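Here is a small set of exercises to work through with the model open beside you. Try each task on your own before reading its solution.

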Amino acid sequence: MKRQAGILADTAIAALFDGGRLSSACQLDRDQIQPASLDLRLGDVAYRVRASFLPGAGTPVRAKLDRLKLHEIDLTKGAVLETGCVYVVPLMEALDLPEAVSASANPKSSTGRLDIFTRVMSDGAQAFDTIPAGYRGPLFLEVSPRTFPIIVRAGSRLSQIRFREGEAMLSGEELAALHAEETLVAADRVNIAGNGIALSVDLCGEGGLVGYRGKHHTSVVDVDRKAACDVLDFWEPIHDRGERQLILDPDEFYILASREAVHVPPLFAAEMTPFDPLVGEFRVHYAGFFDPGFGHAASGGSGSRAVLEVRSHEVPFILEHGQIVGRLVYEPMLERPQALYGSDRASNYQAQGLKLSKHFR
């Protein structure tokens, strides 16, 4: 039974293409449509710009690009994007959304684990990663590598977009009822506040390994090549020495894991709120949607942890084992996806614990 409000599933996304509501500069990749989202692909050129910007009401993105761009970079044969720089890339996909359908974007999981800051822009936008219902026009991606320089090319997929009808985020009461039925997070005590369910950080780890800190002055990471980089060339492993705590240094990038296993039932999708000023001056998990089937036992994901991309702001900050670091929010799907995350497709992070991006061997 189709709901009245919720997230569009893979079959509905394909129907948007078939109906001309979504278009692309070239044929879709075989695995580009995910259970509850669409991967977005870089176009042929990147523009190095002076600073991040929003176009503002009534202003096309290209109008500001013409004023702010420093130079153009050809992506057809691949190119290096440097850390500390801001780039804007026109995307291959464009939208002609129905009046009842809006969209939101987010970096892909692998993008976040590489500390690549990305945000989607649309013409006339006054906010990043938010596409209003009925929008018709092109999409652009702001890209800013923070820790590692990267190689990208036309067709590289750094971001993803979700489509929804209406507003259907579960309330605290609905979330509690769903957790009682489906066990959304595996924990002795479950903390539900507002419309989010709390996740805490694991600083004990397996075999004492609790996380990784990104190194500086590394070689490049090719975002399209799996298992091409040696872990120790890019990451410093962090081990627990019995203290069950970790001091986050300002502007350092860390990969950690949640203490709880996460479960997203087949008829729901989830997302972690990227920053909560009530839990400390740091940002956690600024990338990735949790697709239907993530951590779902029937999809091979029993015990899937949330990987946390953590960066402290301004001052050093002490994390303690079990400290709440973020909250998961859930939304219903309009219908069950044809393919769930995990066993129905080649998913990189099902049944994960502490795990770096797919680029590292």
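**Exercise 1. A core and its hub**

Which residues does Phe 163 touch, not counting residues up to four places away in sequence?

Solution. Keep in mind that you are working with a predicted model.
- Start with the N-terminal part of the list, where Phe 163 touches Gly 6, Ile 7, Leu 8, Ile 13, Leu 16, Leu 22 and Leu 38, among others.
- Then add the rest of the list, which is Leu 95, Leu 97, Val 101, Ser 102 and Ala 103.
- Now step back to the largest nonpolar core, which has 51 residues. Phe 163 is listed with Trp 235 and Phe 360 as the residues with the most contacts inside this core.
- The core draws at least three residues from each of domain 1 (6–165) and domain 2 (172–332).
- A second, separate core has 32 residues, including Leu 246, Leu 256, Ala 270 and Leu 328.

**Exercise 2. Two domains and an annotation**

Find how far apart the C-alpha centres of domain 1 and domain 2 lie, and how many residues each gives to the contact.

Solution.
- Take the bounds from the domain assignment, which gives 6–165 for domain 1 and 172–332 for domain 2.
- The C-alpha centres of the two domains are 24 Å apart.
- Domain 1 contributes 33 residues to the contact, and domain 2 contributes 28 residues.
- For another view, turn to UniProt, where an unreviewed entry annotates residues 5–167 as "domain: 2'-deoxycytidine 5'-triphosphate deaminase N-terminal".
- Within residues 5–167 the chain is 13% helix and 44% strand. The end C-alpha atoms of this stretch are 6 Å apart.

**Exercise 3. Buried polar side chains**

Decide whether Ser 104 and Arg 311 are buried or exposed, then look for a polar partner of each.

Solution.
- Locate Ser 104 in strand β8 (residues 101–107).
- Its relative accessible area is 14%, and because buried means under 20%, Ser 104 is buried.
- The side chain of Ser 104 makes a polar contact of 3.0 Å with the side chain of Arg 164.
- Ser 104 also touches other residues, including Asp 129, Gln 160 and Phe 289.
- Next, find Arg 311 in strand β24 (residues 305–312).
- Arg 311 has a relative accessible area of 6%, so Arg 311 is buried as well.
- A polar atom of the Arg 311 side chain lies 2.9 Å from the backbone oxygen of Asp 251.

**Exercise 4. Reading the sheets**

Work out which strands stand at the edges of the sheet β6-β12-β18 and of the sheet β15-β16-β26-β22.

Solution.
- In the open sheet β6-β12-β18, the 3 strands have mixed pairing.
- β6 (79–81) and β18 (221–222) each have a single partner strand, so one side of each is left without a neighbour in the sheet.
- Strand β12 (residues 150–152) runs parallel to β18, joined by 2 bridges. Ile 150 has Val 221 as its bridge partner in β18.
- The other open sheet has 4 strands in the order β15-β16-β26-β22, with antiparallel pairing.
- Its edges are β15 (192–193) and β22 (268–272), which have a single partner strand each, so one side of each lacks a neighbour in the sheet.
- Strand β16 (residues 196–200) pairs with strand β26 (residues 324–332) over 4 bridges. Ile 197 finds its bridge partner in Leu 328 of β26.

**Exercise 5. An alternating strand**

Sort the side chains of strand β20 (residues 245–248) by the face to which they point.

Solution.
- Leu 246 and Leu 248 point to one face and are buried.
- Gln 245 and Ile 247 point to the other face and are not buried.
- Strand β25 (residues 317–320) runs antiparallel to β20, joined by 4 bridges. Ile 318 in β25 is the bridge partner of Ile 247.

**Exercise 6. Positive phi values**

What is the value of phi for Asp 115 and for Ala 227, and how accessible is each residue?

Solution.
- Phi of Asp 115 is near 60°, a positive value in a residue other than glycine.
- Asp 115 sits in the loop between α3 (109–113) and β9 (116–122). Asp 115 is buried, with a relative accessible area of 0%.
- Phi of Ala 227 is also positive, near 50°.
- Ala 227 belongs to the loop between β18 and α5 (231–234). Its relative accessibility is 41%, so Ala 227 counts as partly exposed.

Definitions and conventions
Residues are numbered from 1 along each chain as its sequence is written. This is a predicted model: local features need pLDDT of at least 70, side-chain atom pairs count only at pLDDT 80 or more; totals for chains, interfaces and linings use all residues. Side-chain values use heavy atoms; hydrogens and water are left out. Buried means under 20% relative accessible area, exposed over 50%, partly exposed in between (1.4 Å probe, protein chains only). A polar contact is a pair of N or O atoms within 3.5 Å; within protein, one must be able to donate a hydrogen and the other to accept it, and residues adjacent in sequence count only if both atoms are side-chain atoms. Two strands pair if DSSP finds at least two bridges between them. A nonpolar core is a set of buried Ala, Val, Leu, Ile, Met, Phe, Trp, Tyr and Cys residues joined through side-chain atoms within 4.5 Å. Domain bounds come from an automatic or database domain assignment. Contact means heavy atoms within 4.5 Å. UniProt positions are given in the numbering used here, feature names are shortened, and annotations may be inferred rather than shown by experiment.
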